[in-house]
Amino acid sequence: YPMMYGAVGVHPSDTAELKESDIDTLKKYAAMDRILAIGEIGLDYYWDKSFVDLQKEVYVKQILLANKLNLPIVIHDREAHKDAYDLLLEYNQSSKALFHCFSGSVEFMRECVKKGWYIALGGVVTFKNAVKMKDVAREIPLDKLVLETDSPYLTPVPFRGKPNTPAYVRYVAEEIANLRQIPLNELIDITTNNAERFFEI
C-alpha cells in the first residue's frame with residue numbers, strides 16, 4: 001500500500017507479556033523505510049496498575065530507541081499524565097512528541113505545548129459533555145494540533161456507539177472549527193500541514 005505509513009511500538013497494556021526478543025523485533029521494524037514514528041507507547045493506569053514499573057521501563061526504552069533512530073514519538077497516556085510527562089522530559093533528547101488521544105486539562109496541554117510537543121484530538125471532542133476537551137480544542141495553539149479518530153474506538157457524534165473509521169475524522173474537524181469559529185477548510189489545511197511536519201511526510 002504505497003500511500004500508507006506506519007508507526008511501531010509496544011502499547012503499555014501489552015508490556016506485561018513482553019519478551020526481550022520483542023524489543024529486538026521492534027528495533028528491526030522501526031528501522032524500515034515507511035515507519036515514521038515509535039508509538040503508540042506510554043503509560044496506562046486505567047485498566048491495571050499492577051505493573052506500572054514495567055510500563056515505565058518499557059516506555060523509557062522506546063523513547064531512547066526513537067532518539068537513536070531520529071523518529072518522533074506517539075504517546076499513549078491514560079490517567080498517567082504526570083508520569084508520562086516527567087519521563088518524556090527526563091529521557092527524550094531529540095524526538096518530536098505527540099500526545100495521542102489527549103485527555104488532559106487545558107493547563108496540562110499548555111505545559112506540553114511549551115515543550116514543543118503536539119496534541120492529537122479525536123472523537124471525544126464531539127461528545128456533548130466533553131467540556132474539558134472542548135476547552136482544550138479552543139485554547140490549543142493551532143500549530144500544535146493534529147486530528148485523529150482512534151478507530152475503531154471513540155466514534156464521533158453523530159455515529160457514537162458504532163465502530164469508528166478514519167473517514168469520520170471530518171466530524172472531529174468540523175467540531176473544532178466550530179469551537180474555534182474558523183472555516184473548516186482552514187482547520188483542515190493547518191492540521192494536515194502539522195501532521196506532515198510532525199511525521200516528515
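# A walk through the predicted model

Start by selecting Arg 110, which lies in helix α4. Helices here are DSSP runs of H or I with at least four residues, strands are runs of E with at least two, and both are numbered from the N terminus. This is a predicted model, so local features need pLDDT of at least 70 and side-chain atom pairs count only at pLDDT 80 or more, while totals for chains, interfaces and linings use all residues. Residues are numbered from 1 along each chain as its sequence is written, and side-chain values use heavy atoms, with hydrogens and water left out.

With Arg 110 still selected, look at its surface: its relative accessible area is 40%, which makes Arg 110 partly exposed. Buried means under 20% relative accessible area, exposed means over 50%, and partly exposed lies in between, using a 1.4 Å probe and protein chains only. Now add Glu 139 to the selection. Arg 110 and Glu 139 are 29 residues apart in sequence, yet C-alpha to C-alpha they are 8.7 Å apart in space.

**Next stop: α5 and α6**

Glu 139 leads you to helix α5, so select residues 131–139 together with helix α6, residues 169–180. The two axes come within 9 Å and cross at roughly 70°, which means that α5 is roughly perpendicular to α6. The axes are lines fitted to C-alpha atoms, for helices over the stretch in contact, and angles run from 0 to 180 degrees between N-to-C directions. Angles under 35 degrees count as roughly parallel, over 145 as roughly antiparallel, 65 to 115 as roughly perpendicular and the rest as oblique.

The crossing of α5 and α6 is right-handed: the near helix is turned clockwise from the far one by less than a right angle, whereas anticlockwise would be left-handed. Show side chains for Lys 134, Ala 137, Arg 138 and Glu 139 on α5, and for Glu 175, Ile 176, Leu 179 and Arg 180 on α6; these make the contact. Contact means heavy atoms within 4.5 Å. Colour them by class and you will find three nonpolar, no polar and five charged residues. Here Ala, Val, Leu, Ile, Met, Phe, Trp, Tyr, Cys and Pro count as nonpolar, Asp, Glu, Lys and Arg as charged, and the others, Gly among them, as polar.

**Over to α2 and α3**

Select α3, residues 81–91. Which residues of helix α3 are buried? They are Ala 84, Tyr 85, Leu 87 and Leu 88. Around them, show β2 (35–44), α2 (52–69), β3 (73–78), β4 (97–99) and α4 (106–114), against which the buried residues of α3 pack.

Keep α2 and α3 on screen. Their axes come within 10 Å and cross at roughly 40°, so α2 is oblique to α3. This crossing is right-handed. From α2, Lys 56, Tyr 59, Val 60, Ile 63, Leu 64 and Asn 67 meet Asp 83, Ala 84, Leu 87, Leu 88 and Tyr 91 of α3. By class, the contact of α2 with α3 has eight nonpolar residues, one polar and two charged.

**The cysteines**

Now select Cys 101 and Cys 112. A search of the whole structure finds zero disulfides, a disulfide being a pair of cysteine sulfur atoms within 2.5 Å. Why is Cys 112 not bonded to Cys 101? Their sulfurs are 14 Å apart, which is too far for a bond, and no cysteine sulfur is closer to that of Cys 112. Cys 112 is also buried, with a relative accessible area of 0%.

**Backbone curiosities**

Most residues other than glycine have a negative phi, and most peptide bonds are trans. Zoom in on the bond from Gly 39 to Glu 40, which is cis with omega near 0°; Glu 40 sits in strand β2. Another cis peptide bond joins Val 157 and Pro 158, with omega about 15°. Pro 158 is in the loop between β6 (145–147) and α6.

In the loop between β6 and α6 you can also pick out Asp 150, whose phi is positive, near 60°. Then select Gln 181, in the loop between α6 and α7. Gln 181 has a positive phi of about 55° although it is not a glycine, and it is exposed at 75% relative accessible area.

**Last stop: Glu 200**

Finish at Glu 200, in the segment after α7 (184–199). Is Glu 200 buried or exposed? Its relative accessibility is 62%, so Glu 200 counts as exposed. Leaving aside neighbours within four places in sequence, Glu 200 is in contact with Lys 96 and Ala 195.
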